[in-house]
Amino acid sequence: MKNNDFDSLFEDLNFDIEEPHTGHKERFFKKLDNRFEAPKKKGKVRSLWGPVMGIAASFLLAFFLLGEFVIPNSTANNSDLASISPEMKQTQEFYTSVIRKELNALNAEKSPETEAIINDALIQMEKLEKNYESLKEDLVKSGKDNRVIYAMIQNFQQRIDLLNNVLTQIENIKKLKNQNHENNII
């Protein structure tokens with residue numbers, strides 16, 4: 001169909017059947033003016049808050065997603081005894097200070113006679129430290145289970161016992177050396 005055929009279809013039809021009510025034109029222009037004036041005032045506020053909130057939400061989402069991918073074990077790193085309660089924090093601080101003190105005493109006793117024992121003790125300490133790191137991961141996975149907490153405390157105690165045993169052995173070596181020296185002098 002051409003445009004002429006299309007026009008001929010509607011030529012006989014009259015769509016202007018009714019007349020608008022009196023004052024229609026004035027009411028229409030008044031609504032039209034109000035519509036363009038009011039949204040300009042409110043529209044600026046809305047047009048500012050919409051994009052700002054969208055950008056803020058995007059940044060928050062990106063921050064949390066990137067934080068989870070870039071630092072996936074951030075909770076695992078902070079999941080030692082100190083993160084459970086203030087009492088556990090004191091317990092951890094106590095054990096770490098005792099271990100530090102014992103390690104300093106062990107390093108002070110280092111000599112050619114005791115070097116092999118001390119090196120073996122340090123290897124055992126590294127194994128216990130790796131075990132403690134796996135317990136920290138288990139603590140996160142288990143939801144701070146009491147059995148894992150007890151195992152962590154036992155790990156600290158094992159380290160202290162190991163260091164005490166090594167220091168006792170070093171003292172025994174020193175006594176034997178002194179006794180041999182005394183026998184040789186007389």
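A residue counts as buried here when its relative accessible area is under 20%, as exposed when that value is over 50%, and as partly exposed in between. With that in hand, let us take a tour of this predicted model.

**Overall layout**

Of the 186 residues in the protein, 18% are buried. The protein has six helices and zero strands, and reading from the N terminus the elements follow the order α-α-α-α-α-α.

**Aromatic contacts**

Four aromatic pairs are present in the structure. One of them joins Y132 and F156, whose ring centres are 5.0 Å apart and whose planes make an angle of 50°, a tilted arrangement. Y132 belongs to helix 5 (residues 115-142) and F156 to helix 6 (residues 146-185), so this pair ties together parts that are 24 residues apart in sequence. Are these two residues, Y132 and F156, buried or exposed? Both Y132 and F156 are buried. They also have company: ring pairs link Y132 and F156 with F94 and Y95 in a cluster.

**Between helix 5 and helix 6**

The loop between helix 5 and helix 6 is home to K144. Although K144 is not a glycine, its phi is positive, at about 60°. K144 has a relative accessibility of 42%, so it counts as partly exposed, since the partly exposed class runs between the 20% and 50% limits.

**Patches on the surface**

Two patches are worth a look while you have the structure open. D5, D7, E11 and D12 gather on the surface as a patch of negative charge. Within this group, D5 sits in helix 1 (residues 3-11), and D5 counts as partly exposed because its relative accessibility is 37%.

The other patch is nonpolar: L60, F63 and F64 come together on the surface, and their accessible area together is about 370 Å². F63 from this patch is placed in helix 2 (residues 24-70). Which class does F63 fall into at 57% relative accessibility? F63 counts as exposed, because 57% is over the 50% limit.

**Accessibility at a glance**

The table gathers three residues discussed above.

| Residue | Relative accessibility | Class |
|---|---|---|
| D5 | 37% | partly exposed |
| K144 | 42% | partly exposed |
| F63 | 57% | exposed |

To put these residues back in their places, D5 is in helix 1, F63 is in helix 2, and K144 is in the loop between helix 5 and helix 6.

Technical notes
Residues are numbered from 1 along each chain as its sequence is written. This is a predicted model: local features need pLDDT of at least 70, side-chain atom pairs count only at pLDDT 80 or more; totals for chains, interfaces and linings use all residues. Side-chain values use heavy atoms; hydrogens and water are left out. Patches are made of residues with over 30% relative accessible area and no salt bridge: like charges are joined within 9 Å, nonpolar side chains (Val, Leu, Ile, Met, Phe, Trp, Tyr) within 5 Å. Accessible areas come from the Shrake-Rupley method with a 1.4 Å probe; for residues, only the protein chains shown count as cover. A salt bridge is a side-chain nitrogen of Lys or Arg within 4 Å of a carboxyl oxygen of Asp or Glu. Lys and Arg count as positive and Asp and Glu as negative; His and the chain ends are not counted. The place of a charge is taken as NZ of Lys, CZ of Arg, CG of Asp or CD of Glu. Helices (H or I, at least four residues) and strands (E, at least two) are DSSP runs, numbered from the N terminus. Buried means under 20% relative accessible area, exposed over 50%, partly exposed in between (1.4 Å probe, protein chains only). Rings of Phe, Tyr and Trp (its six-membered ring) pair if their centres lie within 6.5 Å; planes under 30 degrees apart count as stacked, over 60 as edge-to-face and the rest as tilted.
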